[in-house]
Amino acid sequence: MNINWIERRVSRSVIAGALAIGLAAVLPAFDAGSAEAIDENSQLEIAETPVSGILFATDQVVATAKELFADRYVDTWMAEEQDSFVVGVLNLDEDEIATAAPHFADLAPVRFEECLVSRPALEEALQGALDVVDGQSTTYWIDYENAIVNIGFAGASDMETASAALQTEPDLTVVERSEEAMLSGSQDAISPAVPRVTLSEASQMSALESVNSTPLRGAKRLMLEWTASAQSFGGACTTGLQTKNANGYFVLTAGHCAPNGAKTYLGGVTQYASMEMNTIFHRANASGDTAVFGVSNGASLTPSIYVNSNLSRLVVGKATPASGTRACTQGATTPQERCGYIRAVGVTGTMSTLSLPDNVSSHLIQSLVAWVPDSGVSLSTYGDSGGPLYGVNPDGSAIAMGILSGSAQMNLDNVMTNVNLFTSIDAAVSASTTDVYATGRVPFGVQDGTAGGSGVVSVSGWAIDPDAPTAALQVHVYVGGPAGVGEGHALTANVSRPDVANAYPATGQNHGFFGTFATSYRGSVPVYVYAIDAGMVQVGNPLLGGSPLYGTVS
């Protein structure tokens with residue numbers, strides 16, 4: 001099955017840039033009805049795909065702000081609504097706003113915010129604090145708006161040691177902030193006129209990253225910048241799924257968003273590693289449309305997908321996409337979780353590129369997955385490229401399936417259908433030589449029956465793995481002693497247990513087990529039962545609740 005689409009990007013030397021609210025004035029809207037009807041084996045070219053990167057002008061906004069405000073310029077970041085830039089200025093005079101605003105009118109929507117501490121002062125405070133803690137921290141960032149340097153630690157012990165050391169430094173002011181205040185952005189009684197240092201455990205820092213637009217999760221805004229042929233380029237896409245290998249932690253996104261070496265910015269301000277392992281640029285044929293960038297503080301990350309301010313889905317594994325599978329997606333520009341069905345796999349498409357600095361007129365992309373949203377649900381749009389495709393488990397956790405590449409029309413069951421196209425997760429991790437970074441949860445269950453007989457012992461119970469909630473788990477039975485000591489046997493927990501189904505309705509009812517085994521033990525014999533972890537991330541094979549139970553063997 002072959003399809004065509006065009007990814008169009010414009011150099012900022014031609015068009016200064018636009019955010020989502022101004023994009024319609026720059027590029028024509030996608031008109032799904034303009035494509036001619038084709039059969040399954042022909043090629044379709046769509047003039048505009050609604051998933052190419054949104055153009056933006058970060059460098060020009062920053063350059064203009066520096067020119068206007070000189071050493072009073074503090075920083076530029078994205079507004080919480082992600083509809084404009086915010087320029088922070090030291091001791092901003094309200095009269096200056098009216099004078100400055102016209103200078104940004106042709107660049108992008110811009111707001112202004114007063115800052116009471118200079119950028120050099122905050123960076124000096126950060127460096128001074130890092131020198132004191134001497135490698136104990138796991139992550140750090142500067143809250144320019146509130147003049148606060150935040151340093152995160154893996155645990156309370158490291159944080160307490162660092163706090164004691166920092167308190168002895170005369171040039172550093174360490175303050176306590178409640179977790180509620182940090183999450184709400186409130187400064188409590190902290191004076192914003194002096195740079196302050198706050199310390200957080202990694203769990204708190206992860207929450208702070210969420211509300212402070214540092215999106216180390218899937219489905220959050222990703223900004224990119226690069227230079228080619230003396231021209232400055234930029235784009236805005238979406239963070240995909242977190243991955244890892246022996247060299248560290250990474251974030252997947254779409255390869256067409258930017259070439260290798262492009263700078264990546266999360267939340268519009270925090271720069272992470274550059275794009276690498278790009279499957280698209282400078283290649284006429286590609287297995288997928290992906291790239292990754294590194295995350296230095298991966299140890300403090302929680303692999304998850306942002307849904308809204310109240311919900312993030314933990315990523316607990318990956319699955320090969322299959323036709324007919326229900327899956328969901330989320331993007332930074334279209335910030336609503338949208339669900340539908342995978343309708344085709346193994347799709348090959350041709351992405352034609354205009355004004356891209358890679359000297360390749362079109363790219364043949366393999367390993368694509370076609371997804372159709374539910375009735376009344378929209379496709380992804382500009383800036384959603386790179387966003388994740390995932391299945392949702394009954395408990396709300398996510399299973400990684402792919403990375404958004406584009407949109408097209410396809411002949412599905414003799415009906416021309418608008419689809420989103422995703423690179424399958426298998427192709428994405430293979431191309432990046434990484435694997436999905438997932439979190440694992442411990443299986444659970446109960447051994448609720450054991451009985452002895454003439455040379456035999458019987459055992460019953462149930463077991464569920466929350467990372468594979470509908471799967472029939474293996475359980476290992478040890479008669480006469482614990483694992484490694486007793487006589488070992490294996491059972492599959494696939495017997496109907498309506499009582500378990502009533503207690504855990506989202507998992508189905510076939511989680512029970514029963515078995516009878518011959519044994520050499522006599523008398524009162526202990527029987528131990530362990531649930532075998534079925535998740536992608538192996539976190540342990542626990543002894544079931546109630547275990548061991550005893551049976552009398554004659």
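**Exercise 1. Work out which residues of helix α3 are buried and how they are arranged around the helix.**

Step 1. Start with the covered positions: in α3, Leu122, Ala125, Leu126, Ala129, Leu130 and Val133 are buried.

Step 2. Now look down the axis of α3: the buried residues sit within an arc of 130°, so they line one face of the helix. Keep in mind that this is a predicted model.

Step 3. Turn to the face pointing away from that buried side, and you'll find the exposed residues Pro120, Glu124 and Asp131.

**Exercise 2. Check the length of α3 against what its residue count predicts, then look at how the helix starts.**

Step 1. Helix α3 covers residues 119–133, which makes 15 residues.

Step 2. At 1.5 Å a residue, the helix should span 21 Å. The rise is multiplied by one less than the number of residues.

Step 3. The end C-alpha atoms of α3 are 21 Å apart, so expectation and model agree.

Step 4. At the start of α3, serine 118 has a side-chain oxygen that comes to within 3.2 Å of the backbone nitrogen of alanine 121.

**Exercise 3. Find the strands that pair with β11, and say in which sense they run.**

Step 1. Place the strand: β11 takes in residues 248–253, and 5 of its 6 residues are buried, so to speak of it as mostly covered is fair.

Step 2. One partner is β10 (residues 242–245), which runs antiparallel to β11 and is joined to it by 4 bridges. Asparagine 245, for instance, has glycine 248 of β11 as its bridge partner.

Step 3. Look at the link: 2 residues lie between β10 and β11, and the two strands form a hairpin.

Step 4. Another partner is β16 (residues 291–295), antiparallel to β11 over 5 bridges. Here leucine 252 is matched with valine 292 of β16.

**Exercise 4. Decide whether threonine 423 is buried or exposed, and trace what its side chain reaches.**

Step 1. Threonine 423 belongs to strand β24, residues 415–424.

Step 2. Its relative accessibility is 0%, so threonine 423 counts as buried; the cut-off for buried is under 20%.

Step 3. Follow the side chain of threonine 423 and you get to the backbone nitrogen of aspartate 289, at 2.8 Å.

Step 4. Beyond its neighbours within four places in sequence, threonine 423 has contacts that include Gly288, Asp289, Thr290, Ser367 and Met401.

**Exercise 5. Zoom out: how many helices and strands are there in the protein chain?**

Step 1. The protein chain has 8 helices and 33 strands.

Step 2. As for burial, 55% of its 554 residues count as buried.

Methods. Residues are numbered from 1 along each chain as its sequence is written. This is a predicted model: local features need pLDDT of at least 70, side-chain atom pairs count only at pLDDT 80 or more; totals for chains, interfaces and linings use all residues. Side-chain values use heavy atoms; hydrogens and water are left out. Buried means under 20% relative accessible area, exposed over 50%, partly exposed in between (1.4 Å probe, protein chains only). The arc is that of the directions from the helix axis to the C-beta atoms. A polar contact is a pair of N or O atoms within 3.5 Å; within protein, one must be able to donate a hydrogen and the other to accept it, and residues adjacent in sequence count only if both atoms are side-chain atoms. Two strands pair if DSSP finds at least two bridges between them. Contact means heavy atoms within 4.5 Å.
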